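Subject: Structure for your review

Dear colleague,

Please find below the structure that I am handing over to you. My notes on it follow.

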Amino acid sequence: MYILTLCRRAGLRNAWSLFHSVILDFSWFSEDCMSGLSSSSLVVCCPSTLLVMSLAGALWFAVQDDLFTNGVCNNTSSAPSISNMAQDKQSSISEPISASETHSVLDELDDRFISQTLHLNRQCLRFIVDFIQARLKKDVFAPSHSLTSAEANILATLAYYAQGSLPSTITVRLGIGQTAAGEAVKTITKLLSEMSPDFITFPNSYNDRMGAAQAFKNLSGIPHVVGVLGYLHLKVSPPVGEELMYMNTLGSHSVMMQVIFDVDGNLLSLEQCCPGGTPEHTVWENSDIGRQFSIFQHGHTWVIGSRSLHGCGHVLTPAEAFRIKSNAALQFNKAHAQLHGRAQQVFGSLKSRFQCLRDIGSIQSPESVACTIKACCVLHNICKKFSVPLPLDFSVEPLHPPSEVVNIMAEQPFDYMEDTKDEMIEAFFNIAEDEGEGVTRYVKEQL
């Protein structure tokens, strides 16, 4: 009944429906984590908040408030050992971990170090450490290592993400060797990337889509938009002989990952990495989310995209210059630019908080860096939930010019979505009669 209580506290109308959906969705827990837990402890232990992340925001904050108010996510002398959660129901739970074991690393770090070195706040960091410890398999760290050592490994990994390197000043303070820290980064990065489906979820239900669409409409006036589609480019040194494949439209080498985010900058969808020179429309058409839209799995909704994606199904692109015949189209293009320009803010925040993404260095293939990108994206969404401020050196991402653009003047097959776009523009943006001068000026600017 704990979740149901939180649903009511959060003001969710359909509390029973949400309650049953949550109870039925505990299948992702491993058997050893499920065993020996009561219905209440199943909900309040920190790993279970992975499942709540994909639920309504009100419930998420209600759960977090309860977790931290009651100290469930704080390792105290009364908290049961995470490793003992695997005990059978008939077995007795092991003795609690002593304060000397759990208060060794994180609790000795001051807020300045957490903010400037890890780019997090203490509450968010405590949550991250707890759920990673809970999800680590028993054989990840050597048996001789204590939970204190595991905590140091996690903190070292987070420091690497934030700084882009692990200088000895940080590893010494955390009490971990360089070799052990390097191995920890690999292990924890893989674990976080595998958890991306738990933290990065697209609004699949009708109610979720309508909620997302309403937020975008309130901001821009454009209806039925559920996300902004962008391409995150990360600087790399490409494999020898493949430099041209990795050359992006800014003239530098990169890998790229297709990303969709919501009106608040939460990431909703990630695709596989590919060389930075890959045409954007090719990535969309071959992506899982693109195929889902093509079969109307997400209904009659749009994602906002650049003009290089013209003709791609369910991607709302700017009105082309030769079709600007009314002030409505001008107003639509302004609203479109406002939404699409948010990609610079979102990608800038990713690279500012996780500076390991600023320059990946030498790579063997795009897949070799995909885990690091996904791990940072998981942490990005968690930071958004905890309202963690951005570092002081935050800077927006430069706008990448569109990749090769489809010849929009050439004869195209019938696309009812394009006609739908024209109808939508006239219906929602036709607000002025005196439009000749503005249209003429816009067309001249595009020529």
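In what follows, a helix axis is a line fitted to C-alpha atoms over the stretch in contact, and the angle between two axes runs from 0 to 180 degrees between N-to-C directions. Please bear in mind that this is a predicted model.

The chain as a whole

The chain has 447 residues, of which 51% are buried. Its secondary structure consists of 21 helices and 7 strands. Among contacts between residues at least 6 apart in sequence, 70% join residues at least 24 apart. The exposed surface of the chain comes to about 21100 Å², and carbon and sulfur atoms account for 52% of that area.

Helix α9 and its packing against α12

Helix α9 covers residues 122-135; at 1.5 Å a residue its 14 residues should span 20 Å, and the end C-alpha atoms are indeed 20 Å apart, so the expected and modelled spans agree. The helix is mostly covered, with 10 of its 14 residues buried. The buried residues are Cys-124, Leu-125, Arg-126, Phe-127, Ile-128, Val-129, Asp-130, Phe-131, Ile-132 and Gln-133.

How do α9 and α12 lie relative to each other? The axes of α9 and helix α12 (residues 178-194) come within 11 Å and cross at roughly 95 degrees. Angles of 65 to 115 degrees count as roughly perpendicular, and the two helices are therefore roughly perpendicular to each other. On the α9 side, the contact is made by Phe-131, Ile-132 and Arg-135; on the α12 side, by Ile-188, Leu-191 and Leu-192. By class, this contact of α9 with α12 comprises 5 nonpolar residues, no polar residues and 1 charged residue. Phe-131 and Ile-132 thus appear both among the buried residues of α9 and in the contact with α12.

Two residues with positive phi

Two loop positions may merit your attention when you inspect the backbone. Phe-296, a residue other than glycine, has a positive phi, near 60 degrees. Phe-296 is placed in the loop between α16 (288-294) and β5 (302-304). Because its relative accessibility is 35%, Phe-296 counts as partly exposed.

Ser-387, also a residue other than glycine, has a positive phi near 50 degrees. The loop that holds Ser-387 runs between α19 (367-385) and α20 (416-429). Is Ser-387 buried or exposed? At 57% relative accessibility, where the cut-off for exposed is over 50%, Ser-387 counts as exposed.

With kind regards

Technical notes. Residues numbered from 1 in each chain as written. Predicted model: local features only at pLDDT ≥ 70, side-chain atom pairs only at ≥ 80, totals over all residues. Heavy atoms only, no water. Helix = DSSP H or I, 4+ residues; strand = E, 2+ residues; numbered from the N terminus. Expected span 1.5 Å × (residues − 1). Buried < 20%, exposed > 50% of the residue type's maximum accessible area, 1.4 Å probe, protein only. Parallel < 35°, antiparallel > 145°, perpendicular 65-115°, else oblique. Contact = heavy atoms within 4.5 Å. Nonpolar A, V, L, I, M, F, W, Y, C, P; charged D, E, K, R; others polar. Areas by Shrake-Rupley, 256 points an atom, 1.4 Å probe, with all protein chains shown as cover.
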